[in-house]
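This report takes up the fold of a single protein chain, going from its overall make-up to its sheet and then to its helix packing. The sequence and the structure are shown first.

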Amino acid sequence: MNEQEKYMKKAIELSIASVENGGGPFGAVIVKDGQIIAASSNSVTQENDPTAHAEVNAIRQATKKLGTFDLSGCEIYSSCEPCPMCLGAIYWAKIDKLFFANTKKDAKDIGFDDSFIYEEINTSYENRKVKTSQMMREQAIEAFEKWQNKDDKIEY
């Protein structure tokens with residue numbers, strides 16, 4: 001078994017253990033320089049947190065451990081192809097490589113269907129399932145202007 005298979009095996013083991021412990025069937029491992037720095041499973045139902053997916057939980061662990069929001073140089077191993085939220089988090093964290101086992105079709109086949117989210121992103125505001133309205137841009141833009149002009153900002 002090579003190193004990548006070893007890390008994926010751990011993510012898969014976490015997903016199986018999660019099911020056995022009342023969680024969702026997902027696990028994720030983050031590796032940097034050949035060392036596992038974070039390993040987590042889905043804890044949505046245990047924590048009553050819809051964002052507590054395995055990948056997000058692992059990213060939170062890794063950023064705390066490394067003391068940075070920038071996970072460049074890291075790889076993530078997920079037991080399943082990430083959902084839109086997790087994929088976005090992987091990009092925002094600047095993780096270099098993503099490996100996954102089960103596909104989004106496999107997830108859909110057991111009731112975890114994210115296709116509607118991808119469709120909603122490209123749907124006009126007025127036709128989304130979550131009623132969406134823009135308001136008070138004139139006031140809100142002040143924060144963006146302050147950010148743009150800030151000399152000591154930490155970009156991310």
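The text below describes the architecture of this predicted model.

**Overall make-up**

The protein contains seven helices and four strands, which follow one another along the sequence in the pattern α-β-β-α-α-β-α-β-α-α-α. Its C-alpha trace spans about 55 × 40 × 25 Å along the principal axes, and of its 156 residues 29% are buried. When contacts between residues at least 6 apart in sequence are considered, 49% of them join residues at least 24 apart.

**The sheet**

The four strands form an open sheet in the order β2-β1-β3-β4, and their pairing is mixed. Strands β2 (35–41) and β4 stand at the edges with a single partner strand each, so one side of each has no neighbour in the sheet. On average, neighbouring strands are turned by 15° against each other, direction ignored.

Strand β3 (residues 74–80) is mostly covered, with seven of its seven residues buried. This strand runs antiparallel to β1 (residues 27–32), to which five bridges join it, whereas towards β4 (residues 97–102) it runs parallel, again with five bridges. The table lists bridge partners that involve residues of β3.

| Residue of β3 | Partner strand | Partner residue |
|---|---|---|
| Y77 | β1 | V29 |
| Y77 | β4 | F99 |
| S78 | β4 | F100 |

Y77 thus appears with a bridge partner on each of two strands, V29 on the one hand and F99 on the other. In a regular strand the side chains alternate between the two faces of the sheet.

**Helix α3 against the sheet and against α4**

Helix α3 lies across β1, β2 and β3, and it runs at about 140° to β2. How does α3 pack with α4, and at what angle? The axes of α3 (residues 54–66) and α4 (residues 84–92) are 8 Å apart and meet at an angle of about 25°. Because angles under 35 degrees count as roughly parallel, α3 is roughly parallel to α4. The crossing of these two helices is left-handed.

On the side of α3 the contact is made by E55, V56 and I59, and on the side of α4 by M85, C86, A89 and I90. Sorted by class, the residues in this contact comprise six nonpolar and one charged, with no polar residue.

Definitions and conventions
Residues numbered from 1 in each chain as written. Predicted model: local features only at pLDDT ≥ 70, side-chain atom pairs only at ≥ 80, totals over all residues. Heavy atoms only, no water. Axes fitted to C-alpha atoms, helices over the stretch in contact; angles between N-to-C directions. Parallel < 35°, antiparallel > 145°, perpendicular 65-115°, else oblique. Left-handed = near helix turned anticlockwise from the far one by under 90°. Contact = heavy atoms within 4.5 Å. Nonpolar A, V, L, I, M, F, W, Y, C, P; charged D, E, K, R; others polar. Buried < 20%, exposed > 50% of the residue type's maximum accessible area, 1.4 Å probe, protein only. Pairing = 2+ DSSP bridges.
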